[in-house]
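These are my notebook entries on a structure that is new to me. I record below what I looked up, one topic at a time.

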Amino acid sequence: RKLGIALVGLGGYSTNQLAPALQQTQNCRLAGIVTGTPSKAEEWMKKYNIPKANVYDYKTFDRIADNKDIDVVYVVLPNSMHEEYVVRAAQAGKHVICEKPMAIMPKACQNMIDACKKANKQLAIGYRLHYEPFTKEIMRLGQEKVFGPVKFVESSDGFRSGDPNQWRLKKSMAGGGPLMDVGIYAVQGARYVTGEEPISVTAQFAPKTDPQKFKDVEETMFWQFEFPSGAVSNSTTSYAAGVERLYASCEKGWFELAPAFGYGPLKGRTSKGPIEQPVVNHQAAHMDGVCKDLLDGKKLPNHVTGEEGLRDVRLLQAIYQAAETGKKINLKA
Ligand code: NAD
């Protein structure tokens with residue numbers, strides 16, 4: 001059996017990545033859509049053969065509770081809207097996948113976790129890289145200390161953002177700038193290469209090169225984590241220019257992924273030579289992995305749960321706090 005997924009929000013990620021990936025998945029299929037735009041509903045019904053009964057807008061959304069075709073609701077809306085739709089999906093008795101960042105503030109993450117627990121439904125975050133072979137190999141190299149203990153990590157993710165009117169540049173909807181959007185990958189990278197949780201953070205905002213476009217959010221920023229083993233990391237995130245690299249220097253060698261966080265193919269090498277891994281569709285691997293566990297009635301692995309989403313959101317907020325105060329912030333476990 002394939003689980004039926006309903007995508008909520010038919011923007012860029014749903015249109016260009018998730019819906020095409022759902023044509024390749026083994027454990028799930030595109031069963032429904034939730035959209036506020038009637039023309040998109042028409043187009044998607046035709047293109048993906050979705051029955052009208054499985055099409056909702058934001059007002060009729062809660063009726064999804066009565067729809068047996070839909071097992072999982074996948075929330076792909078602007079960051080500030082994740083909480084409301086995850087909670088409503090859980091209340092409708094559906095498992096939920098929610099895009100990253102899970103929310104803007106830790107409190108919202110906790111509400112989402114609580115709502116899913118209360119409904120006895122599972123919550124996954126859209127952490128596709130945990131199902132991606134090059135990333136899994138990098139995690140193994142770091143966590144199993146294949147090149148000895150990790151001493152320092154460089155983990156950076158940024159791109160040149162376009163449209164000055166997009167929600168990503170509005171603090172109320174995005175929660176911040178590139179840190180919330182792609183900096184979260186750099187945070188994840190430092191965490192999964194070391195396999196440790198940071199114990200302190202320092203951070204800095206770079207000067208803005210376009211203060212008008214970036215009046216509401218940061219354009220570029222840097223931060224540093226310190227880990228219990230003594231490993232340290234340095235990261236950049238930016239909407240001004242591209243950067244995409246995860247590099248670890250270890251006692252007996254080094255390894256890196258570059259590109260490290262995009263849709264692939266990712267590319268990796270170590271001080272001993274290239275990393276060879278199969279190239280997969282990240283979104284299909286993620287949704288299939290999550291849905292396999294749901295079908296088997298298993299608890300989702302830690303790395304994809306709401307608790308993991310919450311850990312990252314706490315760190316993102318600590319990074320902002322460190323940059324705003326200019327102080328080193330100690331992080332409690
Ligand atoms: P997008 O701007 O392309 O799409 C957002 C969608 O939300 C649009 O269809 C828009 O119509 C809809 N929407 C509903 N109410 C809205 C409102 N009040 N204001 C603005 N839009 C509204 O964005 P996207 O790139 O698809 O991103 C959606 C989510 O997916 C974000 O949380 C983003 O971080 C995440 N994302 C994740 C990945 C990944 O690799 N995991 C990649 C891209 C985006």
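**Entry 1: helix α5.** I looked up which residues of helix α5 (residues 133-143) are buried, working from a predicted model. I found Phe134, Thr135, Ile138, Leu141 and Gly142 to be the buried residues of α5. They span an arc of only 120° around the axis, and they therefore sit on the same side of α5. I noted the general background that an α-helix has 3.6 residues a turn, so residues three or four places apart point the same way.

I then asked what covers the buried residues of α5. The cover includes one helix, α7 (178-194), and the strands β7 (150-158), β11 (243-250), β12 (253-257), β13 (268-270) and β14 (273-275). I also checked what comes after the helix: α5 is followed by lysine 145, which has a positive phi, near 50°.

**Entry 2: domains.** I looked up how the protein chain is divided. Domain 1 comprises 3-128 + 285-300, and domain 2 comprises 133-279 + 312-330. I recorded 12 residues from domain 1 and 13 residues from domain 2 in the contact between them. On the side of domain 1 that touches domain 2, I listed eight nonpolar, three polar and one charged residues. The C-alpha centres of domain 1 and domain 2 are 27 Å apart.

**Entry 3: α3 and α4.** I turned next to helix α3 (residues 82-91) and helix α4 (residues 106-118), whose axes come within 8 Å and cross at roughly 10°. Angles under 35 degrees count as roughly parallel, so α3 is roughly parallel to α4. From α3, the contact draws on Glu83, Val86, Val87, Ala90 and Gln91. From α4, Ala108, Asn111, Met112, Ala115 and Cys116 take part. I sorted the contact of α3 with α4 by class and obtained seven nonpolar, two polar and one charged residues.

**Entry 4: α4 and α9.** I asked at what angle the axes of α4 and helix α9 (residues 306-325) cross. The crossing is at roughly 170°, and the axes come within 9 Å. Angles over 145 degrees count as roughly antiparallel, so α4 is roughly antiparallel to α9. In α4, I listed Pro106, Cys109, Gln110, Met112, Ile113 and Cys116 as meeting α9. Their partners in α9 are Gly306, Glu307, Gly309, Leu310, Val313, Arg314 and Gln317. By class, I entered seven nonpolar, four polar and two charged residues for the contact of α4 with α9.

Comparing both lists, I noted that Met112 and Cys116 of α4 appear in the contact with α3 and also among the residues that meet α9.

Terms used: Residues numbered from 1 in each chain as written. Predicted model: local features only at pLDDT ≥ 70, side-chain atom pairs only at ≥ 80, totals over all residues. Buried ≥ 20, exposed ≤ 12 C-beta atoms within 10 Å, placed from the backbone. Helix = DSSP H or I, 4+ residues; strand = E, 2+ residues; numbered from the N terminus. Arc of directions from axis to C-beta. Contact = placed C-beta atoms within 7 Å. Domains from an automatic or database assignment. Nonpolar A, V, L, I, M, F, W, Y, C, P; charged D, E, K, R; others polar. Axes fitted to C-alpha atoms, helices over the stretch in contact; angles between N-to-C directions. Parallel < 35°, antiparallel > 145°, perpendicular 65-115°, else oblique.
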